[in-house]
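Me: Could you take me on a close look at one part of this protein, the second largest cavity, and then set it beside the largest one?

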Amino acid sequence: MLVGEPETWLAYLHGQQIDNLPLLTSKRPRYRGLFLQVAKFVALLFRDLRLKRPPELKRPAKFLIFAGSANQMGSLEQTIESLKARGEKLVCIADSRLLANKHEDKGYISCQLSVTDIARSFILFATRGLALYRELKARHPVSVSWHFANFCQVYIYLSYFYRVLSQVKPEFVITANDHNTPNRCMLAVAHHLGIKTVYLQHASVSPLFPALRVDYAFLDGQCALDTYLECEPNQPDTVRDVPMPQVILSGQKKHLRRSSGPHENVVGVALNAMDNTKAGIEFINVLVGKGLNVRLRWHPGQALRDTDQYREAFSNSQQVMLSDPRTEPISDFMEQIGWLIAGNSSIHLEAALAGVMPIYYELEPAELPDYYGYVKHGLTEPATSVTEILRLIQNTCDKYTPNAKAVRYYSSTYLTDWESREGDLVVECLERIFEGEALPVDVIEFEHTAKT
C-alpha cells in the first residue's frame, strides 16, 4: 500500500499542500523538534491502546462507517439512521476524542488499538522512518520539526484499519472525508482488500483536494464535481490499484431545518482556525456597538486557546451569546439568527439552505479570497466594511430569499423531493447498487467526464 501511496500522500495536507495552507506553518505547535515529534508519535500509539476488543468488531457487517470529526459525524448521521431503519448490519467507528461525551449514544465505537496494531506500527516506523525523515528534510524542513508525527500516524491507521476491515469484512466502507490522514488510510486499506469505497462529501471542496478515487462518490452538487475535475493532477505518479468513481449528485448531507424568518438584530458570526482571534473579538465588539446582538460560533476543531479567549472576552456580555458546535447543532444555531457573517467557510452554504442570509466578510485580507466561489456564483453577498454589512442587514430585514440557482449549484437537491432526505437517497442508491438495480438519480462516470 505504501509503495502505491507513500506517507506524504496519505498524510495529504501536510505532505502535498503545506505551502498552500498557511495554518500549517503559521501557528507553532506545542511539540517542536524531531525528538518531541517522535515522542508524540509514541504517545499516540499508547493513547488508544485497549486490550479488550469491542464485540462489534468480532462479527461481519455490510457497512463500516468512519468519522474523524464532528462535521463528518453530522454529514453521516442521516445515512446511518436510514441504514438502521432498514435493518442493515453496520459498524460505526470514530476518533476516540469525539466520543468523550454526547456522541456515544449514536452507536459509534472508539478507534482503539490492539497490541498487534502497535507492533505493526513500530515495525513500519523502524523500517521506513529514516527514509521518510530524509525525504521530508530535503523537501520541507518544517515538516520534520513541526509535523513528523502526523506522517508517522499513517503507520498507526494503516495497521488499525487493516485489522478492523479484515475482521468485519464489510461490503462497503463509508467516509465523509478524502483528505485527512485516517480517512485516506482507511480508503487505501479498503482498496487493497477489494472492498467498495463510498465517499459522502461533508463540506465544500477546493482544487487543493486530492484526486477523487473511490468507487462511489456522493457529491453535494455540480460545483463539487467541477472542482474535483480540477483536482485530477493531485495524485502520486506511482502505479496503484484504485477505482475511478461513479458520481451521484445527492445534495448537502447535514440535516438543516428551514429558518422561520429574520430574527431582529441577531447576527451570527462564524469564525474558524484561520481567523485571527483578536481581530474576531474586536469585530464582534464593533457590531455590538452598532446595536446588534451576536451569536458567535467557532469551528468544531478550533484550538482550546482560541475558544478560551472568546469565552473570557464575552463572559459578561448581554449582547453576545456563544454557540459551541460540540453541544449546539447547526440547525439550532441557524434558527436563532437572521444573518450569517463568515469568511472562507462552508457554513455559508448551510446558512443559505436554512434560509439565513450569508454575508462574506474577511477579518483580514485572505491569501485565497472567496475560496469556495460563493461570492462568484451568487450564493452569498460580499461586504468589505461594517458599514456595508449594516446596509445588507437593513435591506433584508423583512425578507431574504436565497438565489435558488446558486444554492442548487452547490446542493443539487435544493427545492426538490429529496431535500432534507439526502441520507435516504444515499442509502437507496447503495441498496440498488448492491442488488444491481437502476438508481433513482443519474450516475456520472467520472473517468469519462474527466477525459472530455
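Reply: Sure, let's start with the walls. The second largest cavity is lined by Leu 44, Arg 47, Asp 48, Cys 111, Leu 113, Gln 153, Ile 156 and Tyr 157. This is a predicted model, where local features need pLDDT of at least 70 and side-chain atom pairs count only at pLDDT 80 or more, while totals for chains, interfaces and linings use all residues. Residues are numbered from 1 along each chain as its sequence is written, and side-chain values use heavy atoms, with hydrogens and water left out.

A cavity here is a set of points, on a 1 Å grid over the protein atoms alone, where a 1.4 Å probe fits but cannot get out, and a lining residue has an atom within 4 Å of a point. Helix H4 (34–47) and helix H7 (141–168) each give at least two residues to this lining (helices are DSSP runs of H or I, at least four residues, numbered from the N terminus). H7 provides the largest share, three residues. By class, you get five nonpolar, one polar and two charged residues; Ala, Val, Leu, Ile, Met, Phe, Trp, Tyr, Cys and Pro count as nonpolar, Asp, Glu, Lys and Arg as charged, and the others, Gly among them, as polar.

The volume is about 80 Å³, meaning the space filled by probe spheres set on the points, with grid points joined across faces, edges and corners. For the largest cavity, that figure is about 150 Å³. Its lining has 17 residues, with Glu 5, Arg 184, Ala 211, Arg 213 and Arg 240 nearest the centre. There, H8 gives the largest share, four residues.

Key: On a 1 Å grid over the protein atoms alone, a cavity is a set of points where a 1.4 Å probe fits but cannot get out, and a pocket is an open set with protein on both sides within 12 Å along at least five of seven lines; lining residues have an atom within 4 Å of a point.
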